[in-house]
Amino acid sequence: MTDNTMTDTDDLKTHLLVAIEASASLDALEAVRVDALGKQGRVTQLLKTMGALSPEERQARGPAIHGLREAVTSAIAARKSHLEQVALDAQLASEALDMTLPADAPLPGTVHPVSQVMDELAEIFADLGFAVASGPEMETDWHNFGALNIPETHPARAMHDTFYLAGREDSDPNDRETPRVLRTHTSPVQIRTMLANKPPIRIIAPGRTYRSDSDATHTPMFHQVEGLVIDKGITLGHLKWTLETFLKAFFERDDIVLRLRPSYFPFTEPSAEVDVGYSVVKGKRVIGGSEGWMEVLGSGMVHPKVIEACGLDPDEWQGFAFGCGIDRLAMLKYGMDDLRPFFDGDIRWLKHYGFSALDMPTLSGGVGTPA
Ligand code: DAH
């Protein structure tokens, strides 16, 4: 009987291993698995007979039956991972994109107004001698707040509706290496620029920023541009002239009137909010003139503590800074009244508001000619 069992299990093993190797699909393999190891499966049935055996018989037959189960189980696992790999390779091959295909059909996309405005800003400020700087969107607490004179207890933090990175809520706010937040503004690029470069400094830093806020005029991701000048003998007069020159070039009108209102930002002293005058034309607000005022940006003279945090001597170096919402600039210039469709990725909206990829902003040709 023992010999017979040995032969039975050997035969079954050979039969099953051949069936496993022959399975051409995951479904076929699953059928073999059920036939062998399922509730009514042949190996399962054999295992069940063991309970009724005498201890001697069990000793004789046990190893063969258990060996059979192990061999079948591991063969199925190996075949399964092979078939999965084959399926994945086939899927990847079928989804491959041939990047060398000529784009002979007209491309449906256009340049997004946010990208367009960023290009316009770079063009306008390049003419004033500003370089474009950038920084990480996952930022350290120190760069986003601490170095900008916004300590942990500062009420300005509550206004920023900060997104903290998962698991980093309790990490050290003075750590200058490990990111802790999604940057809530582009101001940390001021810090990174001052740490990495010797003054004089003239940069703008356009980019994505994040706050936990969402309605018709706020989205959790939005865009800002930061401006920073560090040099000797810089005054509020330089700030005002720069902003006026920028806004005239941006809105492509000479009748731009600015109003600087005293304000407060922890990283500037004094601070000013800048309003731009508008007129009402056919019931719509148009930038230019001074029938009413619209706030467009925050600015001020860089706080000595910020200059010091970046290792510079505030008695030697002064500067001004400003920060401005790019999405809002785009809305004001190109007449969109809802911010949310900016990020819907709807091709119809883009066709309406987008710009031709071949029409680069230039100061001589007009920085923003709609497509
Ligand atoms: N970072 C400020 C904000 O997001 C904007 C700002 C205000 C930036 C004044 C500046 C500045 O550089 O001087 O609300």
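Leu-121, leaving aside its neighbours within four places in sequence, is in contact with Ile-204, Val-225, Phe-246, Ile-326 and Leu-329 in this structure, which is a predicted model. Leu-121 and Phe-246 are also the residues with the most contacts inside the largest nonpolar core, a set of 41 residues. Several elements give two or more residues to this core, namely helix 5 (113-127), strand 5, helix 9 (236-251), strand 7 (268-281), strand 9, strand 10 and helix 11 (326-334). Helix 9 provides the largest share of the core, with six residues. A second core, separate from this one, has 23 residues and includes Ala-147, Ile-191, Ile-201 and Ala-205. In soluble globular proteins, nonpolar side chains tend to be buried together.

From the cores the reader can turn to the ligand, which has 15 residues around it, and of these His-185, Ser-187, Arg-211, Gln-224 and Glu-226 come nearest. The side chain of His-185 has an N or O atom that is 2.9 Å from a nitrogen atom of the ligand, while an N or O atom in the side chain of Arg-211 is 2.9 Å from an oxygen atom of the ligand. For Gln-224, a polar side-chain atom lies 3.0 Å from an oxygen atom of the ligand. On its own the ligand has 360 Å² of accessible area, and the protein covers 89% of that area.

Strand 5 (221-231), strand 9 (292-302) and strand 10 (318-325) are the elements that give two or more residues to the shell around the ligand, and strand 5, strand 9 and strand 10 are also among the elements that give two or more residues to the largest core. By character, the residues of the shell divide into four nonpolar, nine polar and two charged.

Note on methods: Residues are numbered from 1 along each chain as its sequence is written. This is a predicted model: local features need pLDDT of at least 70, side-chain atom pairs count only at pLDDT 80 or more; totals for chains, interfaces and linings use all residues. Side-chain values use heavy atoms; hydrogens and water are left out. A residue is near a molecule or strand if one of its heavy atoms lies within 4 Å of it. A polar contact is a pair of N or O atoms within 3.5 Å; within protein, one must be able to donate a hydrogen and the other to accept it, and residues adjacent in sequence count only if both atoms are side-chain atoms. Accessible areas come from the Shrake-Rupley method with a 1.4 Å probe; for residues, only the protein chains shown count as cover. Helices (H or I, at least four residues) and strands (E, at least two) are DSSP runs, numbered from the N terminus. Ala, Val, Leu, Ile, Met, Phe, Trp, Tyr, Cys and Pro count as nonpolar, Asp, Glu, Lys and Arg as charged, and the others, Gly among them, as polar. A nonpolar core is a set of buried Ala, Val, Leu, Ile, Met, Phe, Trp, Tyr and Cys residues joined through side-chain atoms within 4.5 Å. Buried means under 20% relative accessible area, exposed over 50%, partly exposed in between (1.4 Å probe, protein chains only). Contact means heavy atoms within 4.5 Å.
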